[in-house]
Amino acid sequence: MAESYEVRNPADGSLVGTIPYGDAATAREAADAAKAAFPAWSTTPARARADILLKISAILAERAETIGWLLSTETGKRLAEGVAELRFSSEYFRWFAEEARRAGGEIIPNEAPNRRHHVISRPAGVALSLTPWNFPVSIQARKLAPALAAGCTVVARTSEKAPLAVVELFEVMKAAGLPQGVANLVHGPAPEQTEALLQHPAVRVVSFTGSTPVGRLVMKQASQRIVRPLLELGGDAPFIVFADADMDRAVEGAMAAKFRNNGQSCIAANRFFVEGSVFDEFTERLATRIDAMKVGDPLGDQDPDLGPLIDAERRDAVVDVVKDALGRGGELATRTRDDLDGAFMAPALVVGAPDDARIGSEEVFGPAAGVFRFGDEDELVERANNTEMGLAAYVYTSNLERSIRMQDRIQSGILGLNNALPSVSFSPMGGVKQSGLGREGARQGLEEFTELTYVSTELGWTRPA
């Protein structure tokens, strides 16, 4: 096994940096360090933990420009998006620093005069954080901040495709005064290290973000030791436009929901469902906006709207989805480009493909989508929900009653109503059906890293003489 791994810029293939590449033994050592640090950290007063998290937040905000540049270099995302991700990560640490001081138990009203009942909350133990390459810093922050706030220690593994900004995140935590062993970062083969960590007796929670097939495997492995799984998995988000929608807002929303992070987002709009009477107008306006997008090096001189995908393999996968749609009767509503190669691809909008084409039934994870016409609300709901996924959905309408109905009828963990960017640090993030278990962010995200003890006290007894 190689002792180091090279990280390359997807825009030009240049070397960005290297990371040490470990193995199962490396992972076990990190878990041992987290276990050793747990007693002291778990009993550190909440105020003291909060102070360190606030300092992490402040340093991340100060270094957002420099770490954001590194993040854009290793992932291909636009520089503005790289910097924004660092600022968003800072907000997670700030919010959970404040929430750490509010975590408490519960007093249960008693039903007998000689008894008292209450519930106490305590940190679960060592937490395992497994994250992908698309938002490597903010997804780690969404897991690390609540785990540390709860009093857990952590072992983290990030994708080797984009690890360098996460290394900087851990340097920030060290600079903020986080004690040694409380947060540990490992690099190495995912299957080998994940298995070793889930077998470690100190690991009590595993928080994983990634594909549904891998999530199923993580859940299966976690079940061997009854390790709590927190899973944020794949998405197949419908973007729904009713005839009464504000068309300007709907088109702007579609651009943001589809093409943020070069389309590589688990909550990205995956399927556009548009009511028949506005189908042509919406499609034409969206296609025009897409055709005007500039594709290029995000750190070059042209300030593009889209950068490269994470690598040529991901680009080829998205191109194959588009080819499948065209082979199933779909047509391109956008122009083709012959001047792009490597990890770059032209954004694509397909009309006329059937719902069961790959572009309408799989997570695309790239700058391509299909547009589908619908007739009435009942038909729309049935088709939008006809997927094993349920992470996010978007609805554009100016009808208040319809917007309330959609909250009840659309099966998703996140719903953006006339809002294409619903994620905030204080909201619960997670899905239904095959899109995961549990929630990250918000008060619920803190609770995922805690255990409850119910205490029943008998009163009225006296010590024997």
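# A walk through two pockets and a few buried residues

Start by selecting helix 4, which contributes five residues to the lining of the second largest pocket, the most of any element. What you have open is a predicted model, so keep that in mind as you click around.

Now bring up the whole of that second pocket. It holds about 630 Å³ of space. To find its middle, select E81, F135, R260, N261 and L421, the closest to the centre among the 30 residues that line the second largest pocket. Next, colour helix 4 (79–100), helix 5 (136–150) and helix 9 (247–259): these are the elements that give two or more residues to this lining. Try colouring by class too, and you'll get 16 nonpolar, five polar and nine charged residues in the lining of the second largest pocket.

**On to the largest pocket**

How much volume does the largest pocket have? About 1,000 Å³. Centre your view on P132, W133, G210, S211 and V214, which sit closest to the centre of the largest pocket out of its 38 lining residues. Then light up strand 5 (126–131), helix 7 (190–199), strand 8 (203–209), helix 8 (212–223) and helix 11 (312–327), the elements that each give two or more residues to this lining. Which of them gives the most? That's helix 8, with six residues. Colour the lining of the largest pocket by class and you'll see 18 nonpolar, 10 polar and 10 charged residues.

**Stop at H200**

Follow the chain from helix 7 towards strand 8 and pick H200 in the loop between the two. Is H200 buried or exposed? H200 has a relative accessible area of 7%, so it counts as buried. Show side chains here and look for D32: a polar contact of 2.7 Å links its side chain to that of H200. If you leave aside the neighbours within four places in sequence, the residues in contact with H200 are R28, A31, D32, K35 and R225.

**Back to helix 5 for K143**

Helix 5 came up at the second largest pocket; go back to it and select K143. This lysine is buried, because its relative accessibility is 2%. Which side chain does the K143 side chain meet in a polar contact of 2.9 Å? Click T209 to see the partner. Widen the selection to everything K143 touches, leaving aside neighbours within four places in sequence, and you get S129, L130, T131, S207, F208, T209, E440 and F449.

**Two backbone oddities**

Jump to N262, in the loop between helix 9 and strand 11 (269–275). Check its phi angle: the value is near 60°, which is positive in a residue other than glycine. N262 is also buried, since its relative accessibility is 1%.

For another positive phi, select F365, where the angle is near 55° and the residue is again something other than glycine. You'll find F365 in the loop between helix 12 (358–361) and strand 14 (368–374). At 15% relative accessibility, under the 20% cut-off, F365 counts as buried.

**Last stop: cysteines**

How many disulfides does the structure hold? Zero. Still, a couple of cysteines are worth a click. Select C152, which is buried because its relative accessibility is 0%. Then finish at C266, whose relative accessible area of 11% makes it buried as well.

Note on methods
Residues are numbered from 1 along each chain as its sequence is written. This is a predicted model: local features need pLDDT of at least 70, side-chain atom pairs count only at pLDDT 80 or more; totals for chains, interfaces and linings use all residues. Side-chain values use heavy atoms; hydrogens and water are left out. On a 1 Å grid over the protein atoms alone, a cavity is a set of points where a 1.4 Å probe fits but cannot get out, and a pocket is an open set with protein on both sides within 12 Å along at least five of seven lines; lining residues have an atom within 4 Å of a point. Grid points are joined across faces, edges and corners, and a volume is the space filled by probe spheres set on the points. Helices (H or I, at least four residues) and strands (E, at least two) are DSSP runs, numbered from the N terminus. Ala, Val, Leu, Ile, Met, Phe, Trp, Tyr, Cys and Pro count as nonpolar, Asp, Glu, Lys and Arg as charged, and the others, Gly among them, as polar. Buried means under 20% relative accessible area, exposed over 50%, partly exposed in between (1.4 Å probe, protein chains only). A polar contact is a pair of N or O atoms within 3.5 Å; within protein, one must be able to donate a hydrogen and the other to accept it, and residues adjacent in sequence count only if both atoms are side-chain atoms. Contact means heavy atoms within 4.5 Å. A disulfide is a pair of cysteine sulfur atoms within 2.5 Å.
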